[in-house]
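User: I'm new to this one and would like a close look at a single part of it. Could you walk me through how the aromatic rings sit together, and then what lies around them?

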Amino acid sequence: MNERVQPDGVSGSLAQDKPQEEFSSRSLLIGGALFLALLTALYIIVQSIGIDELQTTVATGGIWGPLIFVGIKALTFTFAPLSAGPIQFASGIMFGVIPGTLYSLLGELLGGTVNVIIARVFGRRIVRRFVGVAAMSRVDGFYERHLNDWKSLLAARVLLFSVYDFISYAVGFSQIRLSVYIVVSFVGGLLPTLLFVLIGSEASQNQNVLLLFYLLAAIAFFVLVLFRAPISRMLKQHRRQVQE
């Protein structure tokens with residue numbers, strides 16, 4: 001693609017001026033509560049069944065275990081309503097931290113590559129069907145503001161890993177080559193994926209680690225609420241600088 005495709009029925013300048021989502025303590029609360037709920041549910045399951053029993057069950061599936069896991073992980077990347085959180089947290093328990101990290105990353109690469117191809121071959125109308133009308137504004141925002149070259153893609157991969165499925169669709173509308181996307185996604189995704197797999201593995205087996213995350217989440221939430229105004233100003237200033 002040699003030229004940037006503008007959103008349907010919206011000029012480039014209007015897309016640039018579209019207001020961004022405000023920094024919201026409510027969204028932080030919901031996200032933090034979901035994060036802790038997933039860790040807690042995982043801890044309860046592991047403690048009730050036993051980690052040895054879980055790993056034995058997965059091992060009896062042979063190669064099908066990793067293949068099914070990678071396939072499910074890829075699907076959660078392509079279909080926005082699906083959440084990858086539970087299976088990503090559980091991957092370290094099922095396969096071990098290092099294999100679980102690699103399987104999770106492979107699933108993300110596969111799903112993300114499909115996203116890029118869908119956007120590049122079939123266009124915006126099909127992407128909208130996969131992500132929904134509301135989420136399409138996110139895709140437009142990433143495409144218009146943050147995807148200039150491999151460096152901006154790497155920054156998005158490391159800092160915005162929780163919404164990288166949307167970013168992958170946005171890459172399909174950009175001039176970034178698919179090979180560059182794959183390399184950057186793998187290298188930039190190693191640390192965030194390892195971190196989440198490690199968190200799930202440790203918190204599901206150690207009650208003290210789980211309680212520590214409760215404490216850290218509470219501290220982070222109250223700090224962000226107290227400093228909501230200055231953080232919002234910094235984010236707005238950063239967005240203006242990016243647009244310029």
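**A closer look at the aromatic rings**

Analyst: Let's start with two rings: Phe69 and Phe95 are both buried. Keep in mind that this is a predicted model.

How does one describe such a pair? A pair of aromatic rings is described by the distance of the centres and the angle of the planes. A search through the whole structure turns up four aromatic pairs. In one of them, the ring centres of Phe69 and Phe95 are 5.4 Å apart and the planes stand at 70 degrees, so this pair is edge-to-face. Phe69 belongs to helix H4 (residues 64-78) and Phe95 to helix H5 (residues 85-95), so the pair ties together parts that are 26 residues apart in sequence.

Phe95 has another partner too. Its ring and that of Tyr103 have centres 5.0 Å apart, with planes at 85 degrees, so that pair is edge-to-face as well. Put together, the ring pairs link Phe69, Phe95 and Tyr103 into a cluster.

Now for how covered these residues are. Phe95 has 17% relative accessibility, so it counts as buried, the cut-off being under 20%. Tyr103 comes out at 26% relative accessibility and therefore counts as partly exposed.

Next, a residue in helix H6 (residues 97-122): Glu108. With 8% relative accessibility, Glu108 counts as buried. What does Glu108 touch, leaving aside its neighbours within four places in sequence? The contacts are Lys73, Phe77, Gln88, Arg157 and Thr193.

One of those contacts, Arg157, brings us back to rings. The charged end of Arg157 sits over the ring of Tyr164, 4.4 Å from its centre. Elsewhere, the charged end of Arg124 sits over the ring of Phe173, 6.0 Å from its centre.

Helix H11 (residues 178-203) deserves a look too. At 1.5 Å a residue, its 26 residues should span 38 Å, and the end C-alpha atoms are 36 Å apart, which agrees. Still, H11 has a kink of about 45 degrees at Gly189, shortly before the proline Pro192.

Stepping back to the whole protein, there are 13 helices and zero strands. Of its 244 residues, 39% count as buried. Among contacts with a separation of 6 or more, 82% come from residues 24 or more positions apart. Finally, the accessible surface of the protein comes to about 13600 Å², and carbon and sulfur atoms hold 67% of that.

Key: Residues numbered from 1 in each chain as written. Predicted model: local features only at pLDDT ≥ 70, side-chain atom pairs only at ≥ 80, totals over all residues. Heavy atoms only, no water. Phe/Tyr/Trp six-rings, centres within 6.5 Å; stacked < 30°, edge-to-face > 60°. Helix = DSSP H or I, 4+ residues; strand = E, 2+ residues; numbered from the N terminus. Buried < 20%, exposed > 50% of the residue type's maximum accessible area, 1.4 Å probe, protein only. Lys NZ or Arg CZ within 6 Å of the ring centre and 35° of its normal. Expected span 1.5 Å × (residues − 1). Bend = angle between axes of the 7 residues up to and from the residue. Contact = heavy atoms within 4.5 Å. Areas by Shrake-Rupley, 256 points an atom, 1.4 Å probe, with all protein chains shown as cover.
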